[in-house]
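Here is a short walk through one structure, taking charged pairs, a metal site and a ligand in turn. Have a look at the model before reading on.

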Amino acid sequence: MPIETTVSVVAEVPDGAEFLAVPYASDLSPEVELHLPVTELLAHYEAKGEAGEIVEVPVARAGGVGRVLLYGVGDGTPRALRKAGAALARRAKGRDTLTVVAPEGDVAAFAEAALLAAYSFKIGSEGKKPVRALAFAGADAEQVRRAQVVAQAVALARDLANTPSSVKNPAWLAEQAAERGVPVRVWDEEQLQADGFGGILAVGRGSASPPRLIQLSYTPAEPADRHVVLVGKGITFDSGGLSLKPTENMKTQKTDMAGGAVVIAVLGALAELGAPVRVTGLIASAENLPSGTAQRPSDVIKHYGGRTVEVLNTDAEGRLVLADALAYADAVLDPDAVVDVATLTGAITVALGRNVGAVYASDDVLAKQLLEAAETSDDRLWRMPLIEEYKPALESSIADLANVESGSRFGAGSITAALFLREFAGRRPWAHLDIAGVGRSTVDEGTLTKGATGFGVRLLLEWLTRA
Ligand code: BES
Ligand code: MN
Ligand code: ZN
């Protein structure tokens, strides 16, 4: 469900606003005149001015009691303002309108976080509704508009990934992509066969719902001198295939198309944000199921462009569908940079946990740009190394490559997966985001709700619009 909270910008705090949020700095002084003993109140509640701190004060209002929420903004950095914004939206759950006196600083980050905290995905009617309306007083209207576009794009990515796999098969994902207001091209099974997309076909063989390759194209109003290709992993359910996962690991795998969801959501928001670069999105989509028609461990497949791969583990399927899309991008689309986004390996969760995503890059300039965008956007990244000595892990005795290491001499599952992808990306600047750890949240806290996070949308929109 898109974020239902409506947003407006008002010039001044309306007289007698019933539900009003006002920032205070660490010297505990608010910016607007409230006719309240604010300093004493804050001291009474031992408020420290930290971001996320809220002191709620009942006030007399025409016909009843209103509330003033005094909110801390910490050091006023975008990170602190995000925390403050999210805390306010959470506190306002179930309410009608919250008027928010905007803080000093990055209002876009503040409003974006408030909106993300108001996101929910419910099939059923349990629970409190998000605040109906947020009215920002004294905020820059353009910053608030940008925040809304970005937050709705994150919400779309979350919605797609939270949708149960009984609903979302590859064809459904293609339909969703077709609703983004940009030109779309979809390869069905026959066309995949005709063009030699052997990886996508092999992974999709076991399912009754056939695979798709989805291409979205954004062209800016002004002619662009840069062309970026985004590639998303679109596994609508990952059971592991014949290399079947145990239930505990399988039950989270409806979000294995989170990378593809990010690409779809980003392509749908670029026009509204006036991104100056040409962007092509590719979503390699299949359902990875075991059956009498499924691929087997030991099968050899032929990827787009002719390279052969020995499939030693059908659960390492993400790299197989991505390899086709990367090879196609390199051979046909002539991009200046390629970035893929994928819930690729459980191993990256061991390395970086659930708060920080991994970026691998063949190019230092591209890596630096993405790391900067990560810092600004709050989709945090850490650069991981492409360790050359681990390349022999992917040697096969009968094919050009194996999709996993046979033994355990090298380990480093996320790194060897990245090395596999690099083989198909060509010589162009390429980066790979392994979002398996950050793609879903186990907590309902701050800007996150349980389930899909939409990680990567804010990062890529930041990179593509500010570049
Ligand atoms: N989709 C999984 C990775 C994953 C795991 C995402 C947990 C989110 C949460 C991927 O296709 C996979 O199964 N990877 C294997 C690779 C292994 C077979 C080399 C893994 O991580 O175990
Ligand atoms: Mn898998
Ligand atoms: Zn997977």
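Why are Glu-142 and Arg-145 separated by about one helical turn? Because the two residues sit three apart in helix α4, which spans residues 141-162. Keep in mind that this is a predicted model. The side chains of Glu-142 and Arg-145 meet in a salt bridge, with N and O 3.1 Å apart. As for how open the two ends are, Glu-142 is partly exposed at 44% relative accessibility, and Arg-145 is partly exposed too, at 33%.

**Charged pairs**

Opposite charges on side chains can pair up when the charged atoms come close. How many salt bridges does the structure hold? The count is 27. Here are some of them, with the closest N and O atoms as the distance.

| Acidic residue | Basic residue | N to O distance |
|---|---|---|
| Glu-56 | Arg-91 | 2.7 Å |
| Glu-142 | Arg-145 | 3.1 Å |
| Asp-299 | Arg-296 | 3.1 Å |

Take the pair of Glu-56 and Arg-91, whose closest N and O atoms are 2.7 Å apart. This pair links distant parts of the chain: Glu-56 belongs to strand β3 (residues 54-61) and Arg-91 to helix α2 (residues 78-91), with their positions 35 residues apart in sequence. Glu-56 is partly exposed, at a relative accessible area of 22%. Its partner Arg-91 is partly exposed as well, at 38%.

Next comes Asp-299, which forms a salt bridge with Arg-296. Is Asp-299 buried or exposed? At 15% relative accessibility, Asp-299 counts as buried, because the cut-off for buried is under 20%. Arg-296, on the other hand, is partly exposed at 42%. Elsewhere, salt bridges with shared partners tie Arg-82, Glu-112, Asp-378, Asp-379 and Arg-458 into one network.

**The zinc site**

Which residues coordinate the zinc ion (ligand 3)? The donors come from Lys-233 (NZ), Asp-238 (OD), Asp-256 (OD) and Glu-317 (OE), at 2.0 to 2.4 Å. There are six donor atoms around the zinc ion (ligand 3), and with angles of 78 to 173° among them the site is octahedral. For six octahedral donors, the ideal angles are 90 or 180 degrees.

Along the sequence, the donor residues of the zinc ion (ligand 3) follow the spacing K-x4-D-x17-D-x60-E. The zinc ion (ligand 3) also has company: the manganese ion (ligand 2) is 3.2 Å away, and Asp-238 coordinates both. Lys-233 lies in strand β9 (residues 227-238) while Asp-256 lies in the loop between α8 (247-250) and α9 (258-269), so this pair ties together parts that are 23 residues apart in sequence. Both ends are tucked away: Lys-233 is buried, at a relative accessible area of 2%, and Asp-256 is buried, also at 2%.

**Around ligand 1**

Which of the 16 residues around ligand 1 come nearest? They are Lys-245, Asp-256, Asp-315, Glu-317 and Gly-346. So Asp-256 and Glu-317 turn up here as well as among the zinc donors.

Now for some polar contacts. A polar side-chain atom of Lys-245 is 2.8 Å from an oxygen atom of ligand 1. The side chain of Glu-317 has an N or O atom 2.9 Å from an oxygen atom of ligand 1. With Leu-344 the backbone is involved, one of its N or O atoms lying 3.4 Å from a nitrogen atom of ligand 1. Overall, ligand 1 has 510 Å² of accessible area on its own, and the protein covers 75% of that.

Note on methods. Residues are numbered from 1 along each chain as its sequence is written. Chains are lettered from A and ligands numbered from 1 in the order in which they are written. This is a predicted model: local features need pLDDT of at least 70, side-chain atom pairs count only at pLDDT 80 or more; totals for chains, interfaces and linings use all residues. Side-chain values use heavy atoms; hydrogens and water are left out. A salt bridge is a side-chain nitrogen of Lys or Arg within 4 Å of a carboxyl oxygen of Asp or Glu. Helices (H or I, at least four residues) and strands (E, at least two) are DSSP runs, numbered from the N terminus. Buried means under 20% relative accessible area, exposed over 50%, partly exposed in between (1.4 Å probe, protein chains only). Donors are N, O and S atoms within 2.8 Å of the metal (3.2 Å for Na, K and Ca); water is not among the atoms, so sites may look incomplete. Four donors count as tetrahedral if all angles lie between 85 and 135 degrees; four count as square planar and six as octahedral if opposite donors are over 155 degrees apart and all others between 65 and 115; anything else is irregular. A residue is near a molecule or strand if one of its heavy atoms lies within 4 Å of it. A polar contact is a pair of N or O atoms within 3.5 Å; within protein, one must be able to donate a hydrogen and the other to accept it, and residues adjacent in sequence count only if both atoms are side-chain atoms. Accessible areas come from the Shrake-Rupley method with a 1.4 Å probe; for residues, only the protein chains shown count as cover.
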